[in-house]
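User: I'm new to reading protein structures and the labels confuse me. Could you walk me through how they are earned?

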Amino acid sequence: MIANPSATASNITSTTTLYKGSCRILGFYVNSTTSGTIVFADSDGTTSTTLSGTITPAVGYHAFPASCARGIVVTIANTLNVTVFWDI
């Protein structure tokens, strides 16, 4: 992972809107999972563009560089504890 001192770390365990507005995703760290899945979308609640398919991640860091024009929505299914790194 490339260090980014301005990045925000958001720990989540359920479907969440992380930010509304122009931003970018840097990556995510899976703290724990039991068949958990995650999907990233660029969304403002009205218009949405899916950025990933359904990911079944292993524990550890995963780079996921993506620009979002509207905001970040993370959809989680099953059991997944994940920290998403993002910035504006």
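Analyst: Sure, let's begin with one label: a salt bridge is a side-chain nitrogen of Lys or Arg within 4 Å of a carboxyl oxygen of Asp or Glu. Keep in mind that this is a predicted model.

User: What makes Asp 42 and Arg 70 a salt bridge?

Analyst: Their side chains come to 3.7 Å, N to O. The cut-off is 4 Å, so the pair earns the name. The two partners sit in distant parts of the chain, 28 residues apart: Asp 42 is in strand E3, and Arg 70 is in the loop between strand E5 and E6.

User: How many salt bridges are there by this rule?

Analyst: The count comes to 2. Asp 87 and Arg 24 also meet in one, with 2.7 Å from N to O. That pair links distant parts of the chain too, with Asp 87 in strand E6, Arg 24 in strand E3 and their positions 63 residues apart.

User: Why is Asp 87 called buried, and what is Arg 24 called?

Analyst: Buried means under 20% relative accessible area. Asp 87 has 3%, so it is buried. Arg 24 has 39%, which lies between the 20% and 50% limits, so it is called partly exposed.

User: What about the other pair, Asp 42 and Arg 70: buried or exposed?

Analyst: Use the same two limits. Asp 42 has 7% and is buried, while Arg 70 has 25% and is partly exposed.

User: Which residues count as exposed, and how do you know that Ser 35 and Asn 78 belong there?

Analyst: Exposed takes over 50%. Ser 35 has 55% relative accessibility, so it qualifies. Asn 78, with 57%, also counts as exposed. There's a backbone detail as well: Ser 35, in strand E3, has a phi near 60°, a positive value in a residue other than glycine. Asn 78, in strand E6, has a positive phi of about 60° although it is not a glycine.

User: What kinds of elements does the chain have?

Analyst: The chain has 0 helices and 6 strands. Read from the N terminus, the elements run β-β-β-β-β-β.

User: Why is the chain called as compact as a globular protein of that length?

Analyst: Its radius of gyration is 12 Å, and the globule rule gives 12 Å for 88 residues, so the value is close to the rule and the label fits. The C-alpha atoms fill a box of roughly 30 × 30 × 20 Å along the principal axes. Of the 88 residues, 38% count as buried.

User: How much of the contact pattern comes from residues 24 or more positions apart?

Analyst: They account for 78% of the contacts with a separation of 6 or more.

User: What makes a group of residues a nonpolar core, and which members touch the most others here?

Analyst: The members must be buried, come from a set of residue types such as Val, Ile and Phe, and be joined through side-chain atoms within 4.5 Å. The largest core has 18 residues, and Ile 25, Phe 40, Ile 72, Val 74, Val 82 and Val 84 touch the most other members. E3, E5 and E6 each supply at least two residues, and E6 gives the largest share, 7 residues. In soluble globular proteins, nonpolar side chains tend to be buried together.

User: Which residues does Phe 40 touch?

Analyst: Leaving out residues up to four places away in sequence, its contacts include Ile 25, Phe 28, Phe 64, Val 74 and Val 84. Ser 52 is among them too. The backbone nitrogen of Phe 40 lies 3.0 Å from a polar atom of the side chain of Ser 52. Ser 52 sits in the loop between strand E4 and E5, and at 12% relative accessibility Ser 52 is under the 20% limit, so it counts as buried.

User: How do you know that Thr 83 makes polar contacts with Asn 11 and Asn 31?

Analyst: The limit for a polar contact is 3.5 Å. The side chain of Thr 83 is 3.1 Å from the side chain of Asn 11, so that pair fits. With the side chain of Asn 31 the value is 3.2 Å, so that pair fits as well. Thr 83 is in strand E6, and at 13% relative accessible area Thr 83 is buried.

Conventions
Residues are numbered from 1 along each chain as its sequence is written. This is a predicted model: local features need pLDDT of at least 70, side-chain atom pairs count only at pLDDT 80 or more; totals for chains, interfaces and linings use all residues. Side-chain values use heavy atoms; hydrogens and water are left out. Helices (H or I, at least four residues) and strands (E, at least two) are DSSP runs, numbered from the N terminus. Buried means under 20% relative accessible area, exposed over 50%, partly exposed in between (1.4 Å probe, protein chains only). The radius of gyration is taken over C-alpha atoms; the globule rule is 2.2 Å times the number of residues to the power 0.38. Contact means heavy atoms within 4.5 Å. A polar contact is a pair of N or O atoms within 3.5 Å; within protein, one must be able to donate a hydrogen and the other to accept it, and residues adjacent in sequence count only if both atoms are side-chain atoms.
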